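What follows is a brief report on one predicted model. Please keep the sequence and the 3D view open while reading.

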Amino acid sequence: MQSNSSKDPLHGITLQRILEILVEFYGFDTLGELIKIKCFTDNPSIKSSLTFLRKTDWARKKVEELYVRTLPELNK
């Protein structure tokens, strides 16, 4: 088991940047389908989504997991 933090795909990237990348790649409509949270479906914005995700650990974890799963597509 390696504990080298540089292998962590989330190391050094902010939640805001993760969200911006996902919104650019999927759009809020698809994000709302992939992760069923209101901040992606009802009048979505980066600012309101960040406010919710910073307060809600389970939702932030889902966004981070989606980002990690999406990385191979982003790197094409």
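## Aromatic pairs

A search of the whole structure turns up three aromatic pairs. Rings of Phe, Tyr and Trp (its six-membered ring) pair if their centres lie within 6.5 Å; planes under 30 degrees apart count as stacked, over 60 as edge-to-face and the rest as tilted. Phe25 and Tyr26 form an edge-to-face pair, because their ring centres are 4.8 Å apart and their planes stand at 90°. Phe28 and Phe40 make a tilted pair, with 6.1 Å from centre to centre and 45° between the planes. Phe28 belongs to helix H1 and Phe40 to helix H2, so this pair ties together parts that are twelve residues apart in sequence.

Burial adds to this picture. Buried means under 20% relative accessible area, exposed over 50%, and partly exposed in between (1.4 Å probe, protein chains only). Phe28 and Phe40 are both buried. Phe25 is partly exposed at 37% relative accessibility. Tyr26 is partly exposed at 23%.

The model is predicted: local features need pLDDT of at least 70, side-chain atom pairs count only at pLDDT 80 or more, and totals for chains, interfaces and linings use all residues. Residues are numbered from 1 along each chain as its sequence is written, and side-chain values use heavy atoms, with hydrogens and water left out.

## Overall fold

The protein chain has four helices and zero strands. Its pattern along the sequence is α-α-α-α. Helices (H or I, at least four residues) and strands (E, at least two) are DSSP runs, numbered from the N terminus.

The C-alpha atoms fill a box of roughly 40 × 30 × 15 Å along the principal axes. The radius of gyration is 13 Å, which agrees with the value near 11 Å for a compact globule of 76 residues. That radius is taken over C-alpha atoms, and the globule rule is 2.2 Å times the number of residues to the power 0.38. Of the 76 residues, 32% count as buried. Contact means heavy atoms within 4.5 Å. Among contacts between residues at least 6 apart in sequence, 54% join residues at least 24 apart.

## Two bent helices

Which helix falls short of the span of a straight helix? H1 does: its 20 residues would reach 28 Å at 1.5 Å a residue, but its end C-alpha atoms are only 18 Å apart. The expected span is 1.5 Å times one less than the number of residues. H1 bends by about 95° at Gly27. H4 has a kink of about 30° at Val68, shortly before the proline Pro72. The bend at a residue is the angle between axes fitted to the seven residues ending there and the seven starting there. The span of H4 agrees with expectation: 26 Å for 18 residues, against 24 Å between its end C-alpha atoms.

| Helix | Residues in helix | Expected span | End-to-end C-alpha distance |
|---|---|---|---|
| H1 | 20 residues | 28 Å | 18 Å |
| H4 | 18 residues | 26 Å | 24 Å |

## The core and its neighbours

The largest nonpolar core has 19 residues, and those with the most contacts inside it are Leu22, Ile37, Phe40, Leu53 and Val63. The elements giving two or more residues to this core are helix H1 (15-34), H2, H3 and helix H4 (57-74). H1 gives the most, with eight residues. A nonpolar core is a set of buried Ala, Val, Leu, Ile, Met, Phe, Trp, Tyr and Cys residues joined through side-chain atoms within 4.5 Å.

The contacts below leave out residues up to four places away in sequence. Ile37 touches Phe52, Leu53, Trp58 and Ala59. Val23 lies in H1 and is buried at 19% relative accessible area. Val23 touches Phe28, Leu31 and Ile46.

The buried residues of H1 include Leu15, Ile18 and Gly27. Their cover includes H2, H3 and H4. In H4 the buried residues are Ala59, Val63, Leu66, Tyr67, Thr70 and Leu71. H1, H2 and H3 are among what covers them.

Is Thr70 of H4 buried or exposed? Thr70 counts as buried, because its relative accessibility is 1%. Thr70 touches Leu22, Phe25 and Tyr26.

## An exposed loop residue

Asn43 sits in the loop between helix H2 (38-41) and helix H3 (46-55). Asn43 is exposed, with a relative accessible area of 72%. Its phi is near 50°, a positive value in a residue other than glycine.
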